[in-house]
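User: Please take a close look at one part of this structure, namely the way its helices pack against one another. A connected account would be appreciated.

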Amino acid sequence: MKKCRICGKPAEVFLISRNLALCRRDFVENFEKRVEKTINKFRMADRGEKILVAVSGGKDSLALLHVLKKLGYRVTGYHINLGIGQYSHESLKKVLDFQKKEGIEIIIENVKEEFGMGIGEISKLLRQPTCSICGTIKRYMFNRTAGSFDVIATGHNLDDEAATLMGNVLNWQIEYLARQYPVLESKNNLKKKIKPFVFMSEYETATYAFLEDIDYIVEECPYATGAKSIFYKGILNRVEDRMRGTKIHFLSGFFKQRGRFVSQEKRTELKPCIKCGYMTTSNICQFCRIKEKINNKKGGNHERNFLQNQ
Ligand SMILES: [Zn+2]
Ligand SMILES: [Zn+2]
């Protein structure tokens, strides 16, 4: 039987990529120490700052909120009810249970209240890809709510970031490469953005959530099936199986080289949206455009129904 490298008691967690066996207690302690180390290394936040953490109801975001609070940071959660049937219903339930159990304030907003319909219906009505509509809406609402906070945090883990990097490299998305980093300083009216789990693997965040008794939604969003990111994760896992440490090497190596891409980044001028004031590249921001399009379509349907009833 393998023994914990730190205390010598029987090991229960095996981190193959780091060739490390640990008992439960030392795994939890080691995990928290590494998160703290990442926060300090990238100067993500200090304990006086107010951090708004985006929570989906999944393991990563709930574990992030939990660990930041445990480490003594000032955290508030932020959840958006996307209006995606049973999936959103279950997610909200996990978030509310978590809030009650941990005593952490979580702000909850609702896409249906904003648009009169959920993400799925919006994407169908506008004939635009669900994940891109969802991304735009989530980003906008998150930033809007972040007004009185100093920092915004998301639970993206090593697997997420390595998959994103792979996608960005395969398509040579220089603009995206320039912006992929664990910390993005505040710019225009956008808050400082941090990813404290950037070096924690999906296996580690899941294990941590399990050992810390965090109840989370296991199902992926129904629209995510077939997503490229999931495909890339599968490939990276196969490479990792053959060559331990590939993911961390791929990502941390990129962070060291990222400067090359930043210098190539096109400096697009941003200006406030004429409707809402959000910083955007055109006159009207994407969020307000979605609203406008929905209103136009709805108006159009009314007209058609009216004519049909004549
Ligand atoms: Zn131990
Ligand atoms: Zn706007």
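Analyst: The account below treats two helix pairs in turn and then a strand pairing. The model is a predicted one.

Two packed helices are described by the angle between their axes and the distance between the axes. Helix H5, residues 119–126, and helix H6, residues 130–145, have axes that come within 9 Å and cross at roughly 120 degrees. Angles of 65 to 115 degrees count as roughly perpendicular, and H5 and H6 are therefore classed as oblique to each other. Their crossing is right-handed. On the H5 side the contact is made by Ile-119, Gly-120, Ile-122, Ser-123 and Leu-126, which meet Thr-130, Ile-133 and Cys-134 of H6. Five of these residues are nonpolar and three are polar, with no charged residue in the contact.

The second pair consists of helix H7, residues 158–170, and helix H10, residues 228–242, which pack at about 105 degrees with their axes 9 Å apart. H7 and H10 are therefore roughly perpendicular to each other. From H7, Asp-159, Ala-162, Ala-163, Thr-164, Met-166 and Gly-167 meet Lys-228, Ser-229, Tyr-232, Lys-233 and Leu-236 of H10. This contact comprises five nonpolar, three polar and three charged residues.

A further helix, H3, lies between two paired strands along the chain. Strand S4, residues 74–81, runs parallel to strand S5, residues 106–110, and five bridges join them. Within this pairing, Gly-77 stands opposite Ile-106 of S5. The chain passes from S4 through H3, residues 85–102, to S5, forming a right-handed β-α-β crossover.

Key
Residues are numbered from 1 along each chain as its sequence is written. Chains are lettered from A and ligands numbered from 1 in the order in which they are written. This is a predicted model: local features need pLDDT of at least 70, side-chain atom pairs count only at pLDDT 80 or more; totals for chains, interfaces and linings use all residues. Axes are lines fitted to C-alpha atoms, for helices over the stretch in contact, and angles run from 0 to 180 degrees between N-to-C directions. Helices (H or I, at least four residues) and strands (E, at least two) are DSSP runs, numbered from the N terminus. Angles under 35 degrees count as roughly parallel, over 145 as roughly antiparallel, 65 to 115 as roughly perpendicular and the rest as oblique. A crossing is left-handed if the near helix is turned anticlockwise from the far one by less than a right angle, and right-handed if clockwise. Two residues are in contact if their C-beta atoms, placed from the backbone, lie within 7 Å. Ala, Val, Leu, Ile, Met, Phe, Trp, Tyr, Cys and Pro count as nonpolar, Asp, Glu, Lys and Arg as charged, and the others, Gly among them, as polar. Two strands pair if DSSP finds at least two bridges between them. A crossover is right-handed if, with the strands pointing away from the viewer, the path from the first strand over the helix to the second runs clockwise.
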